[in-house]
Amino acid sequence: MKESEINRLFLRVAATSGQASEDVRKVFATLVSSTLRYRDQMKKDLGVIVTVEDVRVALDWLVESIHTKRLPETNNAVRLDLLKIWLDELKPYF
């Protein structure tokens with residue numbers, strides 16, 4: 001997954017949310033930067049490729065996890081780890 005793909009994915013999500021406030025832009029910047037760090041770490045340390053689909057699924061889980069305060073039941077460690085990273089980094093916003 002290329003950085004440009006990640007940026008396009010997050011920009012599409014941002015575009016559907018209407019006018020983005022400063023806080024929204026900060027949240028998206030946090031999501032993008034943490035995703036890129038995780039992607040690079042997984043590739044370097046384990047040779048694992050984080051896909052666009054992994055990010056899309058984790059994004060779907062993110063909103064639900066914020067509302068329910070629960071993690072999804074899954075065996076996909078890449079997606080779950082990405083979700084956990086996001087939740088940890090977004091704590092200051094909630």
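**Exercise 1. The chain as a whole**

What percentage of the 94 residues of the protein chain count as buried? State also which secondary structure the chain contains.

*Solution.* The model examined here is a predicted one.
Step 1. Of the 94 residues of the protein chain, 35% count as buried.
Step 2. The secondary structure comes to four helices and zero strands.
Step 3. Read along the sequence, these elements give the pattern α-α-α-α.

**Exercise 2. The lengths of three helices**

Compare the end-to-end distance of α2, α3 and α4 with the span expected at 1.5 Å a residue.

*Solution.*
Step 1. Helix α2 has 25 residues, which should span 36 Å; the C-alpha atoms at its ends are 36 Å apart, so the two values agree.
Step 2. Helix α3 has 17 residues, and the distance from its first C-alpha to its last is 25 Å, close to the expected 24 Å.
Step 3. Helix α4 covers residues 77-90, which makes 14 residues. From first C-alpha to last it reaches 20 Å, close to the expected 20 Å.

**Exercise 3. Buried and exposed residues**

Classify Leu31, Arg39 and Asp60 as buried or exposed, and give the helix in which each is found.

*Solution.* The cut-offs required are under 20% relative accessible area for buried and over 50% for exposed.
Step 1. Leu31 is placed in helix α2. Its relative accessibility is 3%, and Leu31 therefore counts as buried.
Step 2. Arg39 also lies in α2. With a relative accessibility of 15%, Arg39 counts as buried. The side chain of Arg39 is joined to that of Asp40 by a polar contact of 2.7 Å.
Step 3. Asp60 is found in helix α3. Because its relative accessibility is 59%, Asp60 counts as exposed.
Step 4. These results may be set beside the lists for the helices. The buried residues of α2 include Val27, Phe28, Leu31, Leu36, Arg39 and Met42. Among those of α3 are Val52, Val55, Leu59, Trp61 and Leu62. In α4, Val78, Arg79, Leu80, Leu82, Leu83, Trp86 and Leu90 are buried.
Step 5. A general rule helps in reading such lists: an α-helix has 3.6 residues a turn, so residues three or four places apart point the same way.

**Exercise 4. The nonpolar core**

Which residues of the largest nonpolar core touch the most other members, and which helices supply at least two of its residues?

*Solution.*
Step 1. The largest nonpolar core has 18 residues, of which Leu31, Leu62 and Trp86 touch the most other members.
Step 2. Helices α2, α3 and α4 each supply at least two residues of this core.
Step 3. Distances between C-alpha atoms relate positions that are separated in sequence. Leu31 and Leu90 are 59 residues apart along the chain and 8.3 Å apart in space. For Asp60 and Leu83, the separation is 23 residues in sequence and 9.6 Å in space.

**Exercise 5. Between and beside the helices**

Describe the residues that follow α2 and α3, a residue of the loop between α3 and α4, and the contact at the start of α4.

*Solution.*
Step 1. Gly47 follows α2 and has a positive phi, near 70°.
Step 2. Lys69 follows α3, also with a positive phi, near 65°. Most residues other than glycine have a negative phi. Lys69 is a residue other than glycine with a positive value.
Step 3. Lys69 is placed in the loop between α3 and α4. At 72% relative accessibility, Lys69 counts as exposed.
Step 4. Pro72 is found in this loop as well. Its relative accessibility is 23%, so Pro72 counts as partly exposed. The C-alpha atoms of Pro72 and Ala58, 14 residues apart along the chain, are separated by 9.6 Å.
Step 5. At the start of α4, a side-chain oxygen of Asn76 reaches to within 3.2 Å of the backbone nitrogen of Val78.

**Exercise 6. A pocket**

What is the volume of the second largest pocket, and which residues line it?

*Solution.*
Step 1. The volume of the second largest pocket is about 190 Å³.
Step 2. Its lining consists of Ser65, Ile66, Lys69, Arg70, Leu71, Leu87, Leu90, Lys91 and Phe94.
Step 3. The elements that give two or more residues to this lining are α3 and α4.
Step 4. Sorted by class, the lining has five nonpolar, one polar and three charged residues.

Terms used:
Residues are numbered from 1 along each chain as its sequence is written. This is a predicted model: local features need pLDDT of at least 70, side-chain atom pairs count only at pLDDT 80 or more; totals for chains, interfaces and linings use all residues. Side-chain values use heavy atoms; hydrogens and water are left out. The expected span of a helix is 1.5 Å times one less than its number of residues. Buried means under 20% relative accessible area, exposed over 50%, partly exposed in between (1.4 Å probe, protein chains only). A polar contact is a pair of N or O atoms within 3.5 Å; within protein, one must be able to donate a hydrogen and the other to accept it, and residues adjacent in sequence count only if both atoms are side-chain atoms. On a 1 Å grid over the protein atoms alone, a cavity is a set of points where a 1.4 Å probe fits but cannot get out, and a pocket is an open set with protein on both sides within 12 Å along at least five of seven lines; lining residues have an atom within 4 Å of a point. Grid points are joined across faces, edges and corners, and a volume is the space filled by probe spheres set on the points. Ala, Val, Leu, Ile, Met, Phe, Trp, Tyr, Cys and Pro count as nonpolar, Asp, Glu, Lys and Arg as charged, and the others, Gly among them, as polar. A nonpolar core is a set of buried Ala, Val, Leu, Ile, Met, Phe, Trp, Tyr and Cys residues joined through side-chain atoms within 4.5 Å.
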